[in-house]
Amino acid sequence: MTKGYDFIIVGGGSAGSVLAARLSENPKARVLLLEAGPRDWHPFYHVPAGFAKMTKGIGSWGWHTVPQRHMNGMTIRFTQARVLGGGSTVNAQIYTRGNALDYDEWRQLGCTGWGYDDVLPYFRKSEDNDSFEDRYHGRGGPLGVSQPAAPLPICEAYFAAAGQLGLPRNRDMTGAAQDGVGYYQLTQRNARRSSAATAFLNPARRRPNLTIRTGAQVLRIVVQNGRAIGVELAGEGLLRAEQEVILSSGAIGSPRLLQLSGIGPADHLRALGVPVVFDQPEVGANLQDHLDLFVIAECTGPHTYDRYARPLWSALAALRYGLTRGGPVASSLFETGGFWYADPNARSPDIQFHLGLGSGIEAGVAAMPNGGVTLNSAFLRPRSRGTVRLASADPAAAPLIDPNYWADPYDREMSLRGLNLAREILRQDALKPFVLAERLPGAGVQSEQDLIAYACRNAKTDHHPAGTCRMGGDPGAVLDPDLRFRGIAGLSVADASVMPRLVSSNTNAPTIMIAEKAADMIRARHGI
C-alpha cells in the first residue's frame, strides 16, 4: 500500500506540531503528521497542575536510563512524552530560552544562521506574551506565554531569601539578562496549558492539505538509492513523501528510529541484526541532559499545595478552578526559580532552580506528611556525553538511554555546589516563617561523600535530553545547519536532538524555536 504526501513529519510533539502547522499554511503542500501516542484528550493535559500526574505515567513511554556507572549504578525514570503535543503537553509549562551565549556558541561550532540574533526573531514569532512586547518578546503568535496565575506568599519569601545570599530579583529571565531569581513565564493562556498541539495544531486541523494521525507507529524510514522516500507504518506499509521525511521524535525517539531504519553506527546495528543502510557513528551520540538534585523542607503550616493531594481538598480546588480559573489547579507547581553560578568563572549562569510548591510532586520524590516545599537545582552545561542505542531490532523494545551523568568530575562538583546553594537558600531568615526544617538531604548529610551518596539515591532528570542528531559545519555532524541529514537526501531532523550543545535552561521553548526556523528553511528550499 502506498499513499503520497509532500512532507511526512514523524512525531507530533513540540517540534512536529509546529512544523505541521507552518508547512500546511501553504495549501499546495500536502502534509502528514504521525504521532505514536493518542490525542491530548485527558483533562490533566490541559489544566496547569496536571503536570503532577505526568511524570507518574500519563502520556509517557515509561522508559528508564541504563544503570549510571558514575552514580553507583542508579537508574532514573526518564519521562518521554507519548501524546500529541509531546513534551509541551506533559511538561511544567516553564518558558525559558537559555542564554544568548548558548546560541552564539552554536554558531561558533559551525551552525551558521543559529546565533542569538538569528534565532531571536523565531522566539518572538511564536509568542503571544501577556506581559512583555519589546526586542525580546512578541505578541500575536500562536503560543500563549503568561505570568503565573496562582503564586503563593512562600514564593516572595524565596526571592527574599535568595536576595540575602546576593541573588538579585529578575522580572524577565528571558529578556536582557538571565541572572537572578523570579517568576518564570509559562506556556499558558487564560490559566490553561498552551501546548504546541493546542496553540499550533488546533487552528490548523481543518486544512484539507493537513492530515494528523495519532496511534501511528512508524517502524522505519524507507531509503532507496540514497534518498528517504517515505516511512513504513505498522499495519499499513509504505507512506510516500515526495519532498521530505522530517523526523521530530525528540532527542531519544529520533536517533532510535534512525537506528531501527539502519541509519547509525554500523557495528552496533550489525550486532543487533539490523541491516545497515547508512553508517553514521554520531546518530545517538552526544546525549546531554540536566541532572536534578533537590532539597525538600517541611513547612510550618499549609504554605504550599500539598494538602490538595487529598480527595476533599482536590475536589474543592477543582471547583474553584472551574468557577474562577484560579487556585491550585491554575498552578504549574514549579513556576518560581532562577539562574545563578556554581562556577564563579562561568561565562553565564550555570545553575537553574525550580521551586516546587509542594513535596512528592514528581515520581519517586518523597512527600512530607505535614506539607513541604521543594527546591530543585540543576547544573546547566554538563561536560559529560552519553548515548541512545537500541536494545534489540524489535521496534517495540525500549531504547538504551545512557546520559552518562557525572562521567566528567566537573559535572559532579558543580552539581553539588548547586545543591548546597539550594540548601543555603532554604535556610535563610526570610523563609523561617514558612520552613520548619530541611528533611532531604537532612541536617546529618554534610560531607561530600554523604552528599554524593544522597544524590546517587535521589537524583532525577530535568527532562531536557538533547544533542543526539547534532547539526554542525563539520563532516562528522549528523545534520548540516539547514537540518538536512548528511548523506541521505530528502531526510531532515528538527527537534531537541539537533542541538550541538544543550541550552542553559528548559528546552521546550528552544525546541519550538528550532521548528519555527526549520519550517522557514524547508519552505525556502522547496519554494512553498
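A residue counts as buried under 20% relative accessible area, as exposed over 50%, and as partly exposed in between. Keep that handy for these exercises on a predicted model.

**Exercise 1.** Decide whether Asn72 is buried or exposed, and find where it lies.

*Solution.* Start with the location: Asn72 sits in the loop between helix 2 (51-54) and helix 3 (87-90). Next, take its relative accessibility, 66%. The cut-off for exposed is over 50%, so Asn72 counts as exposed. Finally, check the backbone: phi of Asn72 is near 60 degrees, a positive value in a residue other than glycine. Most residues other than glycine have a negative phi.

**Exercise 2.** Work out whether Gln93 is buried or exposed.

*Solution.* Gln93 belongs to the loop between helix 3 and strand 3 (94-95). Its relative accessible area is 0%, and buried means under 20%, so Gln93 is buried. Its phi, near 65 degrees, is positive too.

**Exercise 3.** Test whether the span of helix 6 (residues 153-164) agrees with 1.5 Å a residue.

*Solution.* Multiply 1.5 Å by one less than the number of residues. For the 12 residues of helix 6 the expected span is 16 Å, and the end C-alpha atoms are 17 Å apart, so the two agree. Now look at the packing: the buried residues of helix 6 include Ile154, Tyr158 and Phe159. Among the elements covering the buried residues are strand 16 (291-299) and helix 11 (409-426). After the helix comes Gly166, with a positive phi near 95 degrees.

**Exercise 4.** Identify the geometry of the peptide bond from Leu440 to Pro441.

*Solution.* Read omega: it is near 5 degrees, and the bond is cis. Then place Pro441, which lies in the loop between strand 22 (435-440) and helix 12 (448-458).

Terms used: Residues numbered from 1 in each chain as written. Predicted model: local features only at pLDDT ≥ 70, side-chain atom pairs only at ≥ 80, totals over all residues. Heavy atoms only, no water. Helix = DSSP H or I, 4+ residues; strand = E, 2+ residues; numbered from the N terminus. Buried < 20%, exposed > 50% of the residue type's maximum accessible area, 1.4 Å probe, protein only. Contact = heavy atoms within 4.5 Å.
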